[in-house]
Amino acid sequence: MKKIATGVLCAALAASSMTVPVLADDQEMVLYTWEGMFPQEVLDGFQEETGIKLIYSNFDTDETMLEKLSMAKGGDYDVIIADDYIIEAVVQEGLAEKLDKEKLTGYDNINPLYQGQFYDPDDEYTVPYGAGIPLIVYDPEMVDIEIKGYSDLWNPELEDSIALTANYRVINGITNLTLGKSMNEEDVDSIKETGEKLLELAPNVRLIQDDNTQNALLSGEASVAFLYTSQVMAALAENPDLQVVYPEEGLGFGIMGMFIASDAPNKDAAYQFVDYILQPEIAAQCFDYMGYYCTNKAADELVDPKLVVPDSVSSGEIVQNVSQEAEEQYNKNWTEFRAACD
Amino acid sequence: MRRRKFGALWMILPLYVFTLIFVAGPLIYMIALSFAEANEVHGVNWIFTLDNYRKILEPVYLDTFLQSFRLAVTSTAIICLVGYPFGYFMARMPESRRKKTMLFLMLPFWVNSLIRLYGWIIILQKKGILNHILQSLGLIEKPISFLYSYPAIVFGMVYALLPFMILSVYSSAEKMDWSLVEAARDLGASRTKAFWTVTFKLTVPGLLSGIILTFIPSMGLFFIADILGGNKIVLVGSLIQEQMTRAGNWPFAAAMAVVMMVLTTIMIVMYRRISHVKEVEGIG
Amino acid sequence: MNENRMKKNSKFAGFYLGLIFFLMYLPIGVVVVFSFNESKLPVRFTSFSTQWYEKLFHNSAMLEALCNSLILGVLSCLISAVIGTLGAVGLSRIHWKTKGVMEYISILPLMTPEIILGMVLMAFFYMLNLPFGMLTLLIGHTIFCVPYILMEVKARLAGMDPALEEAARDLGASPFRAFQDITLPLIMPAVLSGSLLAFAMSMDDVVISIFINGPKVSTLPIKVYTQLKTGVTPEINALCTIMLGVTLIALVLYFLVRRIGKKNRME
């Protein structure tokens, strides 16, 4: 028994030791974001062009990133990509570098629609990297009613047939929109009302899930789904007959931002990387791969047309940080709602 | 006698040192955290408060604890029923086959648990393999919705945690002196009686360590409730996750963790009392 | 002879073991099949393709992460096997008042939700000024691996006759010899099963690892579970298939070689 175990382990170790990469250059930089945010060719292309070794480090949630970055006092990591709301905290804690735009030749390529947002009102710290608009997608073969907006999700016809994403601020947010309120409603009593409205949605919910939500729609487990942008794209790629709805009550936006850590070990490399990604061809490659809306104006013509936000969409609301009391009530609504779905 | 104790002292030294530094240290920090106050932006203010514990008493959160507990009890009971015979049969195999069985039991763990759950989804979904087979056999007319239900979560828990029970039962049944069973039979005990009076009693320590190893994680494995259950059952684990992340309220999360630990401890102690086991794992 | 009669499993037992094994491997079969699926989504099989294998071999970061996971799994498993086994045996011999408390504390990591454990460990390591990387990962994994081994070995030791080792000592064996020759062989199945469980936990841990890894060290589960924004790709299916394949081949070869060796010896 001991021998088997040792044998297996030795074989495993031998196999793995062959994959240790050869270090060629002493220049290196750490990119810190979710896995799967860049196509391999772009990462390889950057390393070839600049000779800088890129270390692709990952976090699961924005909060983990904030924790680790604040523990490292803005060091250890060079370029970070995360969601809008957390960047507000990052900036407040002084963990982001004020960008020297002289060093970013491609800075003007950015689509101004995604600039000047709450987390960085004067565009001092961030470069947007992809935007998301959660949308309703449904299978017209399985749904008899016409869906125009969020309020149609409450239709009793849709009993036990909706797949929802699991971001509680977003789901509370669309309920707010249905009731004609802001996604970022702060008044606790009003949020309680939202919670009651949300509870009425429970009988229609088949599942709530954050990863690969589109699969439920494709496999027929659900006939209507409220999906993140990359999921919408993945669903359409698999089944082009699906119907996409831009809800009439208004849209929720989410923007991912790229910033340089305040005490980044290799700032020069960090600027080079951000600038590399700002090139239209490279940006288009990235957005096509990720399936998020293109935030690079110059890349609009190169990218999959579905990833350019239609002109009809001129405004949307971003989920922002709210007071602790409001946040708590949103969370309570959510917990009650989930328990009621069963 | 003195010399024997001295030997034992060296043996427990690494465990004591390691546990006191790396386990007790962080846990004390966690308990301290549970009495602190959440900062508005991020992090905590070190001001003593009992609010976090008070908040758990709100019906929403109490319900969650209850639901988690119910799920853990159900899953653990089924795991016992399914896993005990397996461990028992495994211990009765010829020696050469036992080791192979043990290895093949653990081999599925090479496959990432998320990917394995996706495998189950493909099998169980409405247009999935199982429905397809049942339909072509003419057993059902319309596809059955297996997924996103309570049984699906329990099934997932059993699947994920079964080996813990099997291996625990196995390692305590394997050392059993089978001649005791033989003796009981010779004295006229029926097969069933011999099993309950001898075999079962001797394997209780294994069963108990198996219960601890399955009950505790089944309170926390919320990603199973997420993927197979469609998140419709709220587990304490996922509540804690949400408080730690999006809600940014660490002290409340820590308080829930402390309560969960206390509840689990009470459960284990109670179980010990009921089963009258003196020398038992975990809690001395 | 009698013992043989008692220990023989019935046909039902064989059927039962077979059924459980079938269920355990059923989703694994699906994982393998879908590693050859053209589509990125695990919904239906569209057409045969080896593209995920090609992509995997170009993804050096993923392979490096696998390597880290293997090293980490083996090392943390070995260290915790030593700490846990010695600890369990040692604890069975002393009768201190603190004994129960100690055992309780050492299994507490199992009762702590991973995300909290990860967070407090990160803060704690920072306080101790430990450099984040392989070392912190190793300590962290050992923390949650020890309880598995400790509990398995304790269950095995319960009710075991301490007189055996005492007898060996009386016959003049050193404590080390007595432990090695008498106790260790008796508890070996428990050490092994505990280690296998611990290894599996280490190979699958993401929540704790993500907090305590350094910027330059990733593990395989970290690479898998952080594909949140774009969805997990079948590259992981391909990777798991290769790992399973290699392990299976190694096992089969080992058993074959041993069988041939045995036969030769018999002749």
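**Contacts of chain B and a helix of chain C**

In this predicted model, 29 residues of chain B are in contact with 27 residues of chain A. On the side of chain B that touches chain A, helix 3 (59-91), helix 4 (95-106) and helix 11 (236-244) of chain B each supply at least two residues. Helix 3 of chain B brings the largest share of this side, four residues. Sorted by class, the residues of the side of chain B that touches chain A comprise twelve nonpolar, eight polar and nine charged.

Next comes the contact between chain B and chain C. Here 78 residues from chain B and 79 residues from chain C take part. Helix 1 (residues 2-34) of chain B gives the most to the side of chain B that touches chain C, namely 19 residues. That side holds 51 nonpolar residues, along with 18 polar and nine charged ones.

Within chain C, helix 5 (residues 98-111) invites a closer look. How far apart should the ends of this helix lie? Helix 5 of chain C has 14 residues, so at 1.5 Å a residue it should span 20 Å. Its end C-alpha atoms are 20 Å apart, which agrees with that expectation. Along the way, helix 5 of chain C has a kink of about 25° at C:Ile105, shortly before the proline C:Pro109. This proline is itself buried. Also buried in helix 5 of chain C are C:Met102 and C:Glu103, as well as C:Ser106, C:Ile107, C:Leu108, C:Leu110 and C:Met111.

Terms used. Residues numbered from 1 in each chain as written. Chains lettered and ligands numbered in written order. Predicted model: local features only at pLDDT ≥ 70, side-chain atom pairs only at ≥ 80, totals over all residues. Contact = placed C-beta atoms within 7 Å. Nonpolar A, V, L, I, M, F, W, Y, C, P; charged D, E, K, R; others polar. Expected span 1.5 Å × (residues − 1). Bend = angle between axes of the 7 residues up to and from the residue. Buried ≥ 20, exposed ≤ 12 C-beta atoms within 10 Å, placed from the backbone.
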